[in-house]
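Let's take a walk through this protein, one part at a time. Keep the 3D view open and turn it as you read.

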Amino acid sequence: MELFKKILIANRGEIAVRVIRACRELGIKTVAVYSDVEKESLHVKLADEAVCIGPASSAQSYLNIPGILSAAEITDSEAVHPGYGFLSENPHFAEACATSGITFIGPAPENIRVGGDKAKARQIMKRRGIPVVPGSDGPVISEELAMKVAKKIGFPVIIKASAGGGGRGMRIVNEEKDLEHAFYMAQREALTAFGNGELYLEQYIPEMRHIEVQIMADGRGNVIHLGERDCSIQRRHQKLIEEAPSPISTEKFRKKIGEFAVKAAKAIKYRNIGTIEFIVDKDGNIYFMEINTRIQVEHPVTEMVTGIDLIKEQIKLAAGFPIEYKQHQIKPSGHSIECRINAEDPERFIPSPGKITFLSLPGGPGVRVDTAVYSGWTVPLYYDSLIAKVIVHGKNREEAISRMKRALDEFIIEGIKTTIPFHKKVFTHPDFLKGEFDTGFLEKINNSREGKQ
Ligand code: MV4
């Protein structure tokens, strides 16, 4: 078996640069694709070749399947890495790559389909004996069925979209009289956002933590997990800070959640790397939530504590190599935290694109910055506002926190607004420092701040 000679990266920004770095280390040539407004972007400068695939709008460039496949064909690329977002979880794209004789670096189209059908994934896991939050068995096809299920499990309940993500089509329902309206609102929202109005229902778990497990599967029956990440610090369903291990984790907890994750991956005959997301309630009960069938933004925290390069692993798995680790060899060491730095107003979280007039990045012991920005580059307004990820590693959580505070202080970014001041505030909050938080943390600290004014 051989690795690929050349890979096309069907993405932009920091993840495109991250993939180029892995390819370089593996001796693989790289092809960047870019839109009209990204000629001067770093992924274009760092790749061995670059192909313009269309105008600024994502729909006509980074989401343009025929354009990307043509670029792969004219450059003799053997494989395509989709990064995250864009076409990374599009089963049609994975299939179209295969049809064109190009390896899609990711899971099988069938794996992507299950990941995108959250009601079905839940049903599969429930039947396999993996704990799920009490709720519907598969989709709720009518408001009447939703009411029947809700009465059985008790209020509050949460209605979620089968095709969901990003909180769209999601409704918390506190009492019986609100269910009918919420059901139709959620259905309409899901239909508008995803072209699919299918819904499912779960008991609402207050004070939940979002904890996910990185898994790796080689399609030969070998599945291992690389430990958990705690992604509970979210705002409007956008993760802002992630860490590994979870502050609530123990060896026993990791073994348990890890075994659930491996079982979930085996249940759908998963291959390549992926993430199993769980809800953990305040008593530590673990429930399957969903499967993410891509490399995730927060993958570096797992890399920092395991020493494993997840992008290289993705590439090797896609080329057909078996996993070269045994579960017992995976021992997370120390603690890692990531802050997502967005080009946004830190108070109101509205985008702040524009020219970066001066840039100086943090460094030093235990600090990693994944970014595609440079002094003089203009942040385009067309794409998501993530401009850098700062990832720290320390021997324990305390050291990781002190390194993150230092790194945040070292950043100098002039010309645009960023969320760095927001992160600095979080890193002084006593509950965050104690590791005592849940997915409601940011709303809570915001409300208490407003309450004082
Ligand atoms: C939940 C939940 C409570 N119970 N599921 C799912 C996606 C993630 N971004 C938030 N999700 C939640 N799922 C059950 N069974 C609470 C959340 C949740 C949330 C839901 C609605 C509005 C705001 C929220 C903020 C954090 C977490």
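## Two sheets to find

Before we start, one definition helps: two strands count as paired if DSSP finds at least two bridges between them. Also keep in mind that you're looking at a predicted model. In general, the strands of a sheet pair through backbone hydrogen bonds, and they can do so either parallel or antiparallel.

Start with the sheet of five strands. This one is open, its order is β3-β2-β1-β4-β5, and its pairing is parallel. At the edges you'll find β3 (49-54) and β5 (103-104); each has a single partner strand, so one side of each is left without a neighbour in the sheet. To look at one pair in detail, pick β1 (residues 6-9) and β2 (residues 29-35), which are joined in the parallel sense by four bridges. If you want a spot to zoom in on, go to Ile9, whose bridge partner in β2 is Ala32.

Now for the sheet with eight strands. It is open too, but here the pairing is antiparallel, and the order reads β13-β12-β9-β10-β11-β14-β19-β17. Its edge strands are β13 (286-292) and β17 (367-371), and since each has a single partner strand, one side of each has no neighbour in the sheet. Going from one strand to the next, the twist averages 25°. Inside this sheet, β9 (residues 209-217) and β12 (residues 272-280) run antiparallel and are joined by nine bridges. Try finding Arg209 here: its bridge partner in β12 is Val280.

## Where the ligand sits

Which domains give residues to the shell around the ligand? Both domain 2 (134-203) and domain 3 (209-452) do, so the ligand lies between them. In total, 14 residues surround the ligand, and the closest are Lys160, Glu202, Gln203, Ile205 and His237. Sorted by class, the shell has eight nonpolar, four polar and two charged residues.

Now zoom in on the ligand's nitrogen atoms. A polar side-chain atom of Lys160 lies 2.9 Å from a ligand nitrogen. With Gln203, a polar backbone atom is involved, and this atom is 2.9 Å from a nitrogen of the ligand. Gln234 uses its side chain, with a polar atom 3.3 Å from a ligand nitrogen. How much of the ligand does the protein bury? Taken alone, the ligand exposes 530 Å², and the protein buries 84% of that. Two elements, β6 (157-161) and β8 (199-203), give two or more residues to the shell around the ligand.

## Odd spots in the backbone

Here's a rule of thumb: most peptide bonds are trans, and most residues other than glycine have a negative phi. So which spots in this model go the other way?

The peptide bond from Phe155 to Pro156 is cis, with omega near 0°. You can find Pro156 in the loop between α7 (143-153) and β6. The bond from Ala244 to Pro245 is cis as well, with omega near -5°, and Pro245 has its place in the loop between β11 (238-244) and α9 (251-267). Finally, look at Glu207, which isn't a glycine but has a positive phi, near 55°. Glu207 is in the loop between β8 and β9.

Definitions and conventions: Residues numbered from 1 in each chain as written. Predicted model: local features only at pLDDT ≥ 70, side-chain atom pairs only at ≥ 80, totals over all residues. Heavy atoms only, no water. Near = heavy atom within 4 Å. Polar contact = N/O pair within 3.5 Å; in protein donor to acceptor, adjacent residues only side chain to side chain. Areas by Shrake-Rupley, 256 points an atom, 1.4 Å probe, with all protein chains shown as cover. Nonpolar A, V, L, I, M, F, W, Y, C, P; charged D, E, K, R; others polar. Domains from an automatic or database assignment. Axes fitted to C-alpha atoms, helices over the stretch in contact; angles between N-to-C directions.
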